[in-house]
Amino acid sequence: MAYHPYKDHASWKMLIGGEFVDGSGATALEVINPATGQVLGEAPAAGEDDVDRAVVAARQAYHGWRWVRPEERGAMLFEIARRIHEHHDELVDLETWENGKPRVQSARDVINAERTFRFYAGAADKFYGQSVYDGLSEMRKIVYEPYGVVAVIIPWNWPPMHTADFAALALATGNTVVLKPAPETPLSSLRIAELAADVLPPGVLNVVTGGVETGVQLVAHRGIDFIAFTGSDLTGEKILAAAATRILPTMMELGGKNASIIFPDADLGRAVQGMVRSAFFNSGQACSGSERVLVHESIYTTFMERFTSAVAGLSVGEGFDERSIVGPMVSKRQQEKVQGALDRAVAAGACIPTRAEVPSDARLAGGFWVPPTIVTEAAPDAEIMTAEVFGPVAGVLPFKDEDEAVAIANAVDYGLTSGVWTRDLGVAHRMATRIEAGIVSVNRVNSGELGLPFGGYKRSGVGRKKDFLEAMRSFSRVKAIQMDFSQGG
Ligand code: NAD
């Protein structure tokens, strides 16, 4: 039996200053099962005073946390990882209830969250500064210090992993955190906070739940020192504008319109499977996934035969059904957004050569389904080929040579990930060098991997997460210290 967020859990509360509290917001959040459209239950909505108390608690806790020895901070993060492991099944079920994704994909997400806490637990005491010059009466060194209170705002597509990505990184570097999950998926973050609450000193990690308004209040709070945001580029713009008024440093992990480029010498079977996975994993709600598939004109027909047949056979269904490979969209809003983009593409002349079936079960009639869909015949500069859809939609385009592939791949405002499929090392090297993206994958599905810096070029964002050096430095401010001992002392 799946763990149920309301039958198996007493009540959902926010974590502020080490206490579990209700939200003082006017209307509680509704947690909806995306596979049925039915309300599962409520989660707290923070009021402005809750946001204020969370930031004040984080500020107070910072004065102690900043001086906790890195190995002790690491030990606490290891314990949080252990508890996530211990509660794995329950966290997997929670994510499947609130996000709708197939259970096996939630499991991967929960494992990633656990690994991320473990990674930054180990990183905490291995991050050091530099000594520039040590004379007999003079010393110069560079140290990395925490910023203070980090506001973390995350989306709904990988809630446990997004919680871990920024919270573990911020805590490892000596910052304290006020985290706001997406209103669609508050429970995963609240449960991780519950598991962490008695491991960490009070106020070191705070979680406030709410929608846009709560995010706006958090970003506007004078008590925060750094903003770590994952979400759309349009929201990123607004947050950057708010941060600019206080010259606040930020990390922005934003959208993508990622291209995978398939050359004639690629292993076609692997490339087709790779594209199915890249475009439709997580119902296409993946910032790293390939929404654009560029196929060399000489293999276009063969590729399309195999790709359309694989996509038509994708099993779409609710996350608790083991046969499901693709789940619903997370929300009605997302379903309408994706469907709207498809409708406009067709009206502008694009074709849909194939799409998978959505469930016909009457019980799932209210679910937020969008069939996995292939789009062809759209121009490279059409809306469907340049604007992020964030749904199960792959736009396929032929190309004639490397130059054209590079030109199409780079002709969008985004630059998060990209894929190249070829056996020719020269082609792989030239493409990886010429593509404007933060991550280029060759002969494998584009994805973020723990240990490698993850982040975008252009409108896909600023800053890097998931790795050791870039990420730890991103969450730290640099101080140069120079000392003169020539007067004695
Ligand atoms: P969104 O920008 O609408 O919302 C993200 C979060 O920001 C939510 O918690 C939301 O409540 C909050 N928010 C919204 N408006 C705000 C405001 N004005 N001030 C403060 N907070 C605000 O994004 P979404 O639709 O929930 O998520 C999908 C987007 O996230 C896609 O664009 C996707 O590419 C991106 N994403 C990026 C990465 C990455 O690492 N680069 C990873 C996952 C998702």
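**A tour of ring pairs and a charged patch**

Begin by selecting Tyr147, Phe166, Phe226 and Phe475, which ring pairs link into a cluster. The model on display is a predicted one, and its aromatic pairs number 12 in total.

For a view of one such pair, select Phe127 and Phe468. Their ring centres lie 6.3 Å apart and their planes stand at 85°, so the pair is edge-to-face; planes over 60 degrees apart fall into that class. Now display the backbone around each ring. Phe127 sits in the loop between α4 (103-123) and β5 (130-134), while Phe468 sits in the loop between β21 (461-462) and α15 (469-474). The pair thus links distant parts of the chain, with the two positions 341 residues apart in numbering.

Next, add the molecular surface and keep both residues selected. Is Phe127 buried or exposed? Phe127 has a relative accessible area of 18%, so this residue is buried, the limit being under 20%. Phe468, at 27% relative accessibility, counts as partly exposed.

Leave the rings and turn to charge. Select Glu48, Asp49, Asp52 and Glu213; together they form a negative surface patch. Which helix gives the most to the negative patch? Colour residues 48-65, helix α1, which contributes 3 residues to the patch.

Finish at Glu48, whose place is in helix α1. Glu48 has a relative accessible area of 55% and is therefore exposed, since that term applies to values over 50%.

Notes. Residues numbered from 1 in each chain as written. Predicted model: local features only at pLDDT ≥ 70, side-chain atom pairs only at ≥ 80, totals over all residues. Heavy atoms only, no water. Patch = residues over 30% accessible without salt bridge, like charges linked within 9 Å, V, L, I, M, F, W, Y side chains within 5 Å. Areas by Shrake-Rupley, 256 points an atom, 1.4 Å probe, with all protein chains shown as cover. Salt bridge = Lys/Arg side-chain N within 4 Å of Asp/Glu carboxyl O. Lys, Arg positive; Asp, Glu negative; His and termini not counted. Charge placed at Lys NZ, Arg CZ, Asp CG, Glu CD. Helix = DSSP H or I, 4+ residues; strand = E, 2+ residues; numbered from the N terminus. Buried < 20%, exposed > 50% of the residue type's maximum accessible area, 1.4 Å probe, protein only. Phe/Tyr/Trp six-rings, centres within 6.5 Å; stacked < 30°, edge-to-face > 60°.
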